[in-house]
Amino acid sequence: MFILITVGILFLTAAALTLLQIFLPENRYSWLVGTGGSLLAWVSVAMWLANMPVHFEFSIWQPAFLFLQSPALIADG
């Protein structure tokens, strides 16, 4: 489950940086948002490394004849 938290942190960081660029283009602290997001993602990766191997499989996509395998996030040593 921590693997999804890592992906979510990175997505929210990218969204925050995009919104800062759009609404506050003169903001001088965007680097702080990027650095903070990457640090949180790194801590999150360190937490899910303790529970190796990680395998998270999404539900089966429809139609089944078109998608023979469902997508998965896999991490191992």
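The buried residues of helix H2 pack against H1, S1 and strand S2 (72-75). In this predicted model, the buried set of H2 consists of Gly37, Ala41, Ser44 and Trp48. These residues lie on the same side of H2, because they cover an arc of only 60° around the axis. An α-helix has 3.6 residues a turn, so residues three or four places apart point the same way. The face of H2 turned away from the buried side carries exposed residues, namely Trp31, Leu39 and Trp42. Helix H2 itself covers residues 30-49. The length of H2 was compared with the value expected at 1.5 Å a residue: its 20 residues should span 28 Å, and the end C-alpha atoms are 29 Å apart, which agrees.

Helix H1, which comprises residues 2-23, was examined in the same manner. For the 22 residues of H1, a rise of 1.5 Å a residue gives an expected span of 32 Å; the end C-alpha atoms are separated by 31 Å, in agreement with that value. Ile3, Thr6, Ile9, Thr13 and Leu20 are buried in H1. They are placed on the same side of H1, because the arc they cover around the axis is only 130°. Phe11, Leu12, Ile22 and Phe23 are exposed on the other side of H1. The packing partners of the buried H1 residues are H2, S1 and S2.

Individual residues show how the two helices meet. Ser44, located in H2, has a relative accessible area of 5% and is therefore buried, the cut-off being under 20%. Apart from neighbours within four places in sequence, the contacts of Ser44 are Phe2, Ile5, Thr6 and Ile9. Ala41 is also in helix H2. With a relative accessible area of 6%, Ala41 is buried as well. When residues up to four places away in sequence are not counted, Ala41 touches Thr6, Ile9 and Leu10. Thr6 and Ile9 thus occur among the contacts of Ser44 and also among those of Ala41. Towards the other end of the sequence, Ala41 and Met52 are 11 residues apart along the chain, and their C-alpha atoms are 17 Å apart in space.

On the H1 side, Thr6 is buried, at a relative accessible area of 8%. With residues up to four places away in sequence left out, Thr6 touches Ala41, Ser44, Val45 and Trp48. Three of these partners, Ala41, Ser44 and Trp48, belong to the buried residues of H2. Phe2 also lies in helix H1. Phe2 has a relative accessibility of 29% and counts as partly exposed, because this value falls between the cut-offs of 20% and 50%. Its contacts, setting aside neighbours within four places in sequence, are Ser44, Met47, Trp48 and Asn51. Ser44 and Trp48 are thus contacts of Phe2 and of Thr6. Phe2 and Gln69 are 67 residues apart along the chain, with 23 Å between their C-alpha atoms.

At the level of the whole chain, two helices and two strands are present. Their order from the N terminus is α-α-β-β. The C-alpha atoms fill a box of roughly 50 × 35 × 15 Å along the principal axes. The radius of gyration is 17 Å, whereas a compact globule of 77 residues would have a value near 11 Å. Of the 77 residues, 16% count as buried. The chain exposes about 6,100 Å², of which 73% is supplied by carbon and sulfur atoms. Among contacts with a separation of 6 or more, 45% are between residues 24 or more positions apart.

Confidence was summarised for the chain and for its elements. The average pLDDT is 86, and 99% of the residues score at least 70. Among the elements, helix H1 has the highest mean pLDDT, 93, and strand S1 (residues 54-57) the lowest, 75.

How values were computed:
Residues are numbered from 1 along each chain as its sequence is written. This is a predicted model: local features need pLDDT of at least 70, side-chain atom pairs count only at pLDDT 80 or more; totals for chains, interfaces and linings use all residues. Side-chain values use heavy atoms; hydrogens and water are left out. Helices (H or I, at least four residues) and strands (E, at least two) are DSSP runs, numbered from the N terminus. Buried means under 20% relative accessible area, exposed over 50%, partly exposed in between (1.4 Å probe, protein chains only). Contact means heavy atoms within 4.5 Å. The radius of gyration is taken over C-alpha atoms; the globule rule is 2.2 Å times the number of residues to the power 0.38. Accessible areas come from the Shrake-Rupley method with a 1.4 Å probe; for residues, only the protein chains shown count as cover. pLDDT is the predictor's confidence in each residue, from 0 to 100. The expected span of a helix is 1.5 Å times one less than its number of residues. The arc is that of the directions from the helix axis to the C-beta atoms.
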